[in-house]
Amino acid sequence: MKKLVPLLLALLLVFPLTALAQGTGKDEAASLSVGDIVTLGHYEQDGVIQNGEEPIEWIVLDVDAAERKALVISKYSLDRLLYHSKYEPVTWETCDLRGVLNGEFLNTVFSSEEIDGILDSQLHTEDNTAKGTKGGNDTVDRVFLLSAEEAEKYFSSEEDRIGVPSAYLLQLCAYTNGLESTSSVYWLRTPGDTQAHAAYVLGGRVNLGGWAGNVHKLPIRPAMWISMDAAS
């Protein structure tokens, strides 16, 4: 009996410490839910250059608890960029904007530690369902645009899908729906009526038609899959 007492005391001491360790860190990150806001990276958003760049807020669109990752999209439209530098047929795989987002944007907006938490994502870009335009080959990207299907899947209403421009973006004369400055248009990666156009969201509606040629500058709402452990 005397030999059991030290063993029982040891178990009582170890158990609470183990329980405490399990209640913090990774388990906290696993509590991420759709609709949560996380912050990663910095970008000019308030339009006041002198005070530096502001932290970027990201909306959680999807959570994969088994793989401990979350799909996020920028809360605000951040900038207006070309989809492609030449008016010619391209797909998401070959457009210039894909290179910008996975190159300059990725490497200047995020710290090296944050980049480690942004995951490689296997992307399939569907054909344009209204026009039949081919979506092109699958890609592997860290930063990307939503497809038309994803934009309709992850936002439950047109109101939720509206892209609100940052103050900085408004200063750049971002395109709006002409009625209110809070309904910014933004690029999708799905092709438009031809591969020289790209689909977009305007006023919360997914538009698969064709006035947005590659060489237009439209706002962007980057998306990415991140490790839950990288979220803050």
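Reader: What makes the contact between Arg 98 and Asp 141 a salt bridge?

Author: A salt bridge needs a side-chain nitrogen of Lys or Arg within 4 Å of a carboxyl oxygen of Asp or Glu. For Arg 98 and Asp 141 the N to O distance is 2.6 Å, so the pair passes that rule. Arg 98 sits in helix H3, Asp 141 in strand S7 (residues 139–141), and they are 43 residues apart. Keep in mind that this is a predicted model: local features need pLDDT of at least 70, side-chain atom pairs count only at pLDDT 80 or more, and totals for chains, interfaces and linings use all residues. Residues are numbered from 1 along each chain as its sequence is written, and side-chain values use heavy atoms, with hydrogens and water left out.

Reader: Why is Asp 141 called buried?

Author: Buried means under 20% relative accessible area, exposed means over 50%, and partly exposed is in between (1.4 Å probe, protein chains only). Asp 141 has 2% relative accessibility, so it counts as buried. Arg 98 is buried too, and so are Leu 97, Leu 101, Gly 103, Phe 105, Leu 106 and Val 109 in H3.

Reader: How do you know that H3 has close to its expected span?

Author: Helices (H or I, at least four residues) and strands (E, at least two) are DSSP runs, numbered from the N terminus. The expected span is 1.5 Å times one less than the number of residues. H3 (residues 96–109) has 14 residues, for which 20 Å is expected, and it reaches 18 Å from its first C-alpha to its last.

Reader: What makes Arg 142 and Asp 120 a salt bridge?

Author: Their closest N and O atoms are 3.5 Å apart, so they pass the distance rule as well. Arg 142 is in the loop between S7 and helix H5 (148–154), while Asp 120 is in the loop between helix H4 (112–116) and strand S6 (121–123). Arg 142 has a relative accessible area of 24%, so it is partly exposed. Asp 120, at 55%, counts as exposed.

Reader: And what about Glu 57 and Lys 75, why is that a salt bridge?

Author: The N to O distance there is 3.9 Å, so this pair also meets the rule. Glu 57 lies in strand S2 and Lys 75 in the loop between S3 and strand S4 (76–77). Glu 57 is partly exposed because its relative accessibility is 28%, and Lys 75 is partly exposed because its value is 29%. By this rule the count comes to eight salt bridges.

Reader: Why is the pair of Tyr 83 and Trp 187 called tilted?

Author: Rings of Phe, Tyr and Trp (its six-membered ring) pair if their centres lie within 6.5 Å; planes under 30 degrees apart count as stacked, over 60 as edge-to-face and the rest as tilted. The count by this rule is four aromatic pairs. Tyr 83 and Trp 187 are 5.1 Å centre to centre with 55 degrees between the planes, which is the tilted kind. Tyr 83 is in the loop between S5 and H3, Trp 187 is in strand S9 (residues 186–191), and they are 104 residues apart. Both Tyr 83 and Trp 187 are buried. Elsewhere, ring pairs link Tyr 43, Trp 58, Phe 105 and Phe 110 into a cluster.

Reader: What makes the phi of Arg 68 worth a mention?

Author: Most residues other than glycine have a negative phi. Arg 68 is not a glycine, yet its phi is positive, about 55 degrees. Arg 68 is found in the loop between strand S2 (54–64) and strand S3 (69–74).
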